[in-house]
Amino acid sequence: MSLPPPEDTRSDLFEGHHRGLREIIEALTAAAVACDHAPQSAHCRAALGESLGRLKHFSSLHFADEEKFMDDISYPERKAHQAQHVTFMAQLSALESGLAVGQDVQPWSAKAGHLCQWWENHARDYDRLLADFLCRGGI
């Protein structure tokens, strides 16, 4: 994932966030695969709900830090970047709500894969632009 240059003290924070994200995504993926195989299992659904909740909590903290950082440096593309965050959180909330009311959103592994792919695309496209801005002396 593309992050701010090492001399920026916040890059350690964002790199730590991305490491934490990988752990959450792995847990979410494992829970999703289990739910694909046993969709009515209360244990599977509970594990999936916990993983979605962790991802939602993590994402909201990460996005808040990143958005504050973009505001602090007057990043010119921050509104488009923030719009991506809003879209992701809406998708995550919809999945979480669907799970809570017992909606059958199968296959769960495909939904988890979509969330993972979103993060990869976001890092490649939006975080890379932010890193490029920083490298060009944007701060």
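The points below go through selected features of this predicted model, mainly those around helix α3.

1. Helix α3 covers residues 78–100, and its length can be checked against its geometry. At 1.5 Å a residue, the 23 residues of α3 should span 33 Å, and because the C-alpha atoms at its two ends are 33 Å apart, the expected and computed spans agree.

2. The packing partner to consider next is helix α4, which consists of residues 108–135. The axes of α3 and α4 come within 11 Å and cross at roughly 170 degrees, and since angles over 145 degrees count as roughly antiparallel, α3 is therefore described as roughly antiparallel to α4. On the α3 side, the contact is made by A80, H81, Q84, H85, F88, Q91, L92, L95 and L99, while α4 contributes W108, K111, H114, L115, W118, W119, H122, Y126 and D127. Sorted by class, this contact has 10 nonpolar, six polar and two charged residues.

3. The buried residues of α3 are H81, Q82, H85, F88, M89, L92, L95, G98 and L99, and what covers them includes both α2 and α4. Several names recur from the contact with α4, among them H81, H85 and F88.

4. One of these buried residues, H85, also deserves attention for its link to helix α2, where E66 lies. The side chain of E66 makes a polar contact with the side chain of H85, at 2.8 Å. E66 has a relative accessibility of 3%, and because buried means under 20%, E66 counts as buried.

5. The backbone on either side of α3 has two residues that a reader may wish to inspect. S74, in the loop between α2 (42–72) and α3, has a phi near 55 degrees, a positive value in a residue other than glycine. Most residues other than glycine have a negative phi. The relative accessible area of S74 is 47%, so S74 is classed as partly exposed. After α3 comes G102, whose phi is also positive, near 80 degrees.

6. A last point concerns helix α1, which runs over residues 10–37 and contains E23. With a relative accessibility of 53%, E23 counts as exposed, because the exposed class begins over 50%. The C-alpha atom of E23 is separated by 9.8 Å from that of L55, although the two residues are 32 residues apart along the chain.

Methods
Residues numbered from 1 in each chain as written. Predicted model: local features only at pLDDT ≥ 70, side-chain atom pairs only at ≥ 80, totals over all residues. Heavy atoms only, no water. Helix = DSSP H or I, 4+ residues; strand = E, 2+ residues; numbered from the N terminus. Buried < 20%, exposed > 50% of the residue type's maximum accessible area, 1.4 Å probe, protein only. Polar contact = N/O pair within 3.5 Å; in protein donor to acceptor, adjacent residues only side chain to side chain. Axes fitted to C-alpha atoms, helices over the stretch in contact; angles between N-to-C directions. Parallel < 35°, antiparallel > 145°, perpendicular 65-115°, else oblique. Contact = heavy atoms within 4.5 Å. Nonpolar A, V, L, I, M, F, W, Y, C, P; charged D, E, K, R; others polar. Expected span 1.5 Å × (residues − 1).
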